[in-house]
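Thank you for making time for this. I would like to take you through one protein chain, and I ask you to keep the sequence and the model in view while I talk.

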Amino acid sequence: MKSTLKLKTIDDIEKELSIIITCEKKQKSDITLSQIFDFLAESIELSIQGVGYTTKRTTINKLLGKYKFAKLISTGHYTKANQIPGFPPKDLGDPESAQLRLKTSLTAFKLHSGPFADHPVFGELDKKQWEKIHGILASFLFGYIQLFGDEKLRFTKDRENKKDRNFSEKKQNHHQRKNEDKGESKPSGHNNRKWKNKKKAHYKGNRNQGGGPK
């Protein structure tokens with residue numbers, strides 16, 4: 001399911017998770033909250049705990065993995081043609097435990113400095129690359145949840161206000177740089193004209209210091 005939600009970092013996932021927990025919600029399909037939370041938690045756990053589990057990858061598979069990774073990052077979301085293998089998992093029927101598992105895995109990822117496991121499709125990834133994968137996966141999975149309530153409305157409004165503030169700041173900085181550039185060019189010419197019109201009071205040989213004939 002394509003989602004308009006864009007989560008780029010682990011912090012973004014944590015913030016969205018806190019909103020999901022707070023808001024009234026319902027599933028958009030027969031996928032349960034425990035399935036969503038468990039699957040995302042498992043993916044994060046495998047990225048930091050699956051070190052040592054490697055499969056032989058041919059040169060073609062490595063190149064193909066890099067291509068698929070670059071394509072996923074450029075689009076920023078999963079599509080029907082690129083669904084997640086193994087999802088949904090079996091419903092364990094305990095959303096609170098799944099929620100706790102997800103929170104724990106997010107914290108563990110932030111504290112983990114390496115090494116990181118190879119992705120089964122994309123191959124070798126570092127922490128930043130894994131973080132992008134988890135963000136895209138979380139956006140995809142959270143797209144199965146429909147939220148209601150004031151908290152979601154406040155979050156959406158705050159996000160829009162942040163975008164407006166960033167746009168205003170960029171615009172203001174752009175105008176400021178333009179004004180500074182103009183300010184640097186004008187004084188030089190202006191001062192040159194002043195210097196030309198100014199009497200040369202201490203010019204050598206000018207005995208009365210530019211005061212004219214006496």
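I will begin with the chain as a whole, then turn to one helix and its surroundings, and end with a few individual residues.

Please bear in mind throughout that this is a predicted model. The mean pLDDT of the protein chain is 78, with 71% of its residues at 70 or more. That confidence is spread unevenly, being highest in α4, at 95, and lowest in helix α6, residues 150-197, where the mean is 64.

As for the overall layout, the chain contains 6 helices and 2 strands, and their order along the sequence is α-β-α-α-α-α-β-α. Of the 214 residues in the chain, 29% are buried. If we take the contacts with a separation of 6 or more, 83% of them join residues that are 24 or more positions apart. The accessible surface comes to about 15300 Å², and carbon and sulfur atoms account for 53% of that area.

Let me now turn to helix α5. It covers residues 127-142, and its 16 residues, at 1.5 Å a residue, should span 22 Å, which agrees with the 22 Å between its end C-alpha atoms. At its N-terminal end there is a cap from Asp-126, with a side-chain oxygen 3.2 Å from the backbone nitrogen of Lys-128.

How many of the residues of α5 are buried? The count is 12 of the 16, so the helix is largely enclosed by the rest of the structure. The buried set includes Trp-130, Glu-131 and His-134, and it also takes in the whole run from Gly-135 through Ile-136, Leu-137, Ala-138, Ser-139, Phe-140 and Leu-141 to Phe-142. Which elements do these buried residues pack against? They pack against the helices α1 (10-22), α2 (33-49), α3 (59-75) and α4 (95-111), and against the strand β2 (145-148).

Ser-139 deserves a closer look within α5. Its relative accessible area is 4%, so Ser-139 counts as buried, the cut-off being under 20%. Its side chain reaches the backbone nitrogen of Leu-7 at 3.1 Å. Ser-139 and Thr-4 are 135 residues apart along the chain, yet their C-alpha atoms are separated by 7.8 Å.

That brings me to the nonpolar core. The largest one has 40 residues, and the members that touch the most others are Ile-36, Phe-37, Leu-40, Leu-102 and Phe-142. Two or more residues come from each of α1, α2, α3, α4, α5 and β2. As general background, nonpolar side chains in soluble globular proteins tend to be buried together. Phe-142 can serve as an example: leaving aside neighbours within four places in sequence, its contacts include Leu-5, Leu-7, Ile-13, Leu-17 and Ile-20, as well as Ile-36, Phe-37, Leu-40 and Leu-102, and the charged-type residue name on the list is Glu-16.I would add some residues elsewhere in the chain. Glu-45 lies in helix α2, and with a relative accessible area of 18% it is buried. Not counting residues up to four places away in sequence, Glu-45 touches Gly-50, Arg-101 and Ser-105.

Phe-148, in strand β2, is partly exposed, with a relative accessible area of 35%. With residues up to four places away set aside, Phe-148 touches Cys-23, Glu-24, Lys-25 and Lys-26. The C-alpha atoms of Phe-148 and Ile-20 are 9.2 Å apart, across 128 residues of sequence.

Ala-70, which lies in helix α3, is also partly exposed, at 43% relative accessibility. Between Ala-70 and Phe-122 the C-alpha distance is 9.1 Å, and the two are 52 residues apart in sequence.

Finally, there are two prolines in loops. Pro-88 is found between α3 and α4 and is partly exposed, with a relative accessible area of 39%. Beyond residues up to four places away in sequence, Pro-88 touches Ile-31 and Gln-35. Pro-115 sits in the loop between α4 and α5, and the peptide bond leading to it from Gly-114 is cis, with omega near 0°.

Definitions and conventions: Residues numbered from 1 in each chain as written. Predicted model: local features only at pLDDT ≥ 70, side-chain atom pairs only at ≥ 80, totals over all residues. Heavy atoms only, no water. Helix = DSSP H or I, 4+ residues; strand = E, 2+ residues; numbered from the N terminus. Expected span 1.5 Å × (residues − 1). Buried < 20%, exposed > 50% of the residue type's maximum accessible area, 1.4 Å probe, protein only. Contact = heavy atoms within 4.5 Å. Polar contact = N/O pair within 3.5 Å; in protein donor to acceptor, adjacent residues only side chain to side chain. Core = buried A, V, L, I, M, F, W, Y, C linked by side-chain atoms within 4.5 Å. pLDDT = per-residue confidence, 0-100. Areas by Shrake-Rupley, 256 points an atom, 1.4 Å probe, with all protein chains shown as cover.
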